[in-house]
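User: Could you take a close look at one part of this model for me? I would like to understand its sheet and what packs around it, and then how the rest of the fold compares.

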Amino acid sequence: MTSVSIDDTGSMGPLVARLNRGGQRLRQADRARPWVLDTLVVVVAVVMFCLPDLLPEGKADGPPRLRLKLTELPLAATLALQAGLVLPLLWRRRKPLVAFGVIAAVFLLQWSLGAVLRADVALLVALYSLALHGRLPQLPWAGAVMAGAMVLVALRVSPAVSVWDALFFLLSTATAALALGLVIRFRRAQLTGLRERAARLEIERDQRSRLATATERARVAREMHDIVGHNLAVIISLADAGAYATDAAPERGKETLNLIGDTGRQALGELRRVLGVLREAADEDDPSSGPLLSPQPGIMDIETLCAGVRAAGPEVVYRTAGDMDTLDSGVQLTAYRIVQEALTNTLKHAGAGTRVNLSLVVEDTRLEIRVQDTGPPGPTEPPDEEGHGLVGMRERAALYGGIVTAGPAAHGGWRVDVTLDLTPQGGDR
C-alpha cells in the first residue's frame, strides 16, 4: 500500500496557483480581443480536420463497403463544404444560432450528396456553443435539427453499421456536446451569482460599518454635549458665586476655586474616557498602552451629580422610590444623562437661587423621572426655541420607548417629566 505524504500533496499547490493565474490571464486577454480565440478555433479545426481530407492518403479511410456507397467530391466542392462547416465558427459566440444554422445546412447538404468530411465535427462545436452562449428556448429547435441530421447520417452509413448502433453513437455524441455546454453555462451563471452576492455582501458590510461609525459618533457627541454642558454650567455658576464671595468671605472664595478645580478635573476625566473609545484598540500584549476607561455613570452617581450642583448654589432635593438595583446599565446611563441635562438647563436658565425637586420612581415596567425647579428669583422669559438639550433627552429616551414632556410648571419654574419603558425587547407589551 502506497502512502502519500503531506509534502507530496502540497507540491501541487504552486502548480494549481500557476494554472489559475494562467486561466485568469487568458480570460482577460479573451475579453480584450475575443476574435483571437475564435480565429484560433478555426485554425485548429482547419489543421486537424480539413487538411487530412485534402491529402491523398486521407481519402482511403473507412470500411470498403462504406467507401463504395460514399461520393468522391472534386477538390473545389470539398473546399467549399469545408469552408461552410468551419468558417461560421468565427461568430459562434456572438451569433451562436446563426453559426449553428449555417453549419447544419452545409452538413445536411454534404450528407445528402453522400460525402464524408472530418470537418463535420464543427456541427458538434456549434451545438456546444449554442448551449453555452445562445438563448435556452432555442435549444429544442436546435436539438430537433440535430436529431434529423443524425438520422440522415445513420441512414447513409447503414451499409457498414447498424442504423440503431449508428444513431446511438451519434445522438450520444450530440447529447454530450449539448450537456457540456449547459454544464459550463450553469457553472458560469453560478459563479457570476456568487460574485454578485459577494459584492452585495461587501457593500452591505461597508454600509453597516458606516452606520455603526455614524451611530458611535452620534453617541460620543451626545456624551460630550452632556459632559461639557453640565460641567461648564457648574463652573460658571461657581465662578460667579466665588466672585461675589471674594470680598465678603475670602475663605468661601478659596473653597469655590477648589470646587471649580475639582469640577474641571472631573470633566477632563470624563472627556478622556469618552474620547478613548475613538482610539485604536491597544495591543493585546500590552494592555497598559490603552486608555484607562472608568465605568459609565449610573443611578448611584446621581447623588454625586446633585452635590456638584448644590455647590454651585441651587438647592437640590433628591429622592428615589422602587428597586433601582434591578435597572440595567443602559437604563441607568440614560437616566443619569437625562438628569444631568435637566440640572444643566436649570443652572443655565434658573440660576443659583432656585430650588430643584428631583425624583426617580420605578413602578412596574416604567421608570419615571421628574425634574422641577422653582425658577429664578426674578421674572424671566422662557427660551424662544428648543435647544439641543431637550433633543438629546428625547433621543436617549426613545431608545427605551420613552416619552419626554417639558414646559413651564403650574406654580412657576420649569418641569421635565420622562417615562422610560423597562419592558425587555421581544417581551410582551
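Analyst: Happy to; here is a walk through the sheet, followed by the helical part of the chain. Please keep in mind that this is a predicted model.

Let's start with the sheet itself. It is open, with 5 strands in the order 1-2-3-5-4 and mixed pairing. Strand 1 (315–321) and strand 4 (403–408) are the edge strands, each pairing on one side only. On average, neighbouring strands are turned by 10° against each other, direction ignored.

Two of the pairings deserve a closer view. Strand 2 (residues 355–363) runs antiparallel to strand 3 (residues 366–373), and 8 bridges join them. Within this part of the sheet, valine 361 sits opposite glutamate 368 of strand 3. Strand 4 and strand 5 also pair in the antiparallel sense, over 6 bridges. Here proline 408 has tryptophan 414 in strand 5 as its bridge partner. These two strands make a hairpin with 5 residues between them, and in its turn glycine 412 has a positive phi of about 95°.

Now for the helices that lie across the sheet. Helix 11 (residues 302–311) lies across strand 1 and strand 2, at about 165° to strand 1. Helix 12 (residues 329–349) lies across strand 2, strand 3 and strand 5 (414–421), and runs at about 10° to strand 3.

Next, the helical part and its core. The largest nonpolar core has 35 residues, and those with the most contacts inside it are Leu85, Phe100, Ile103, Phe107, Leu123, Met146 and Met150. At least two residues of this core come from each of helix 3 (34–54), helix 5 (75–86), helix 6 (96–112), helix 7, helix 8 and helix 9 (163–248). Helix 8 gives the largest share, 7 residues. Apart from this core lies another, of 34 residues, including Met324, Val331, Ile369 and Val416. As a general background, nonpolar side chains in soluble globular proteins tend to be buried together.

Methionine 150 gives a good view of the packing: leaving aside its neighbours within four places in sequence, it is in contact with Phe107, Leu123, Leu167, Leu170 and Leu171.

Helix 3 is worth a pause. Its 21 residues should span 30 Å at 1.5 Å a residue, and its end C-alpha atoms are 30 Å apart, which agrees. Helix 3 also has a kink of about 35°, centred on valine 46. The buried residues of helix 3 are Asp38, Val42, Ala45, Cys50 and Asp53, and what covers them includes helix 5.

Finally, two loop positions. Leucine 73 is in the loop between helix 4 (64–69) and helix 5. Its relative accessibility is 16%, so leucine 73 counts as buried, the cut-off being under 20%. Beyond its neighbours within four places in sequence, leucine 73 is in contact with Thr78, Leu81 and Ala115. Leucine 73 and alanine 115 are 42 residues apart in sequence, but their C-alpha atoms are 7.0 Å apart in space.

Glutamine 138 is in the loop between helix 7 (121–133) and helix 8 (139–156). Glutamine 138 has a relative accessibility of 13% and therefore counts as buried. Leaving aside neighbours within four places in sequence, glutamine 138 is in contact with Leu97 and Leu130.

Notes: Residues are numbered from 1 along each chain as its sequence is written. This is a predicted model: local features need pLDDT of at least 70, side-chain atom pairs count only at pLDDT 80 or more; totals for chains, interfaces and linings use all residues. Side-chain values use heavy atoms; hydrogens and water are left out. Helices (H or I, at least four residues) and strands (E, at least two) are DSSP runs, numbered from the N terminus. Buried means under 20% relative accessible area, exposed over 50%, partly exposed in between (1.4 Å probe, protein chains only). Contact means heavy atoms within 4.5 Å. A nonpolar core is a set of buried Ala, Val, Leu, Ile, Met, Phe, Trp, Tyr and Cys residues joined through side-chain atoms within 4.5 Å. Two strands pair if DSSP finds at least two bridges between them. Axes are lines fitted to C-alpha atoms, for helices over the stretch in contact, and angles run from 0 to 180 degrees between N-to-C directions. The expected span of a helix is 1.5 Å times one less than its number of residues. The bend at a residue is the angle between axes fitted to the seven residues ending there and the seven starting there.
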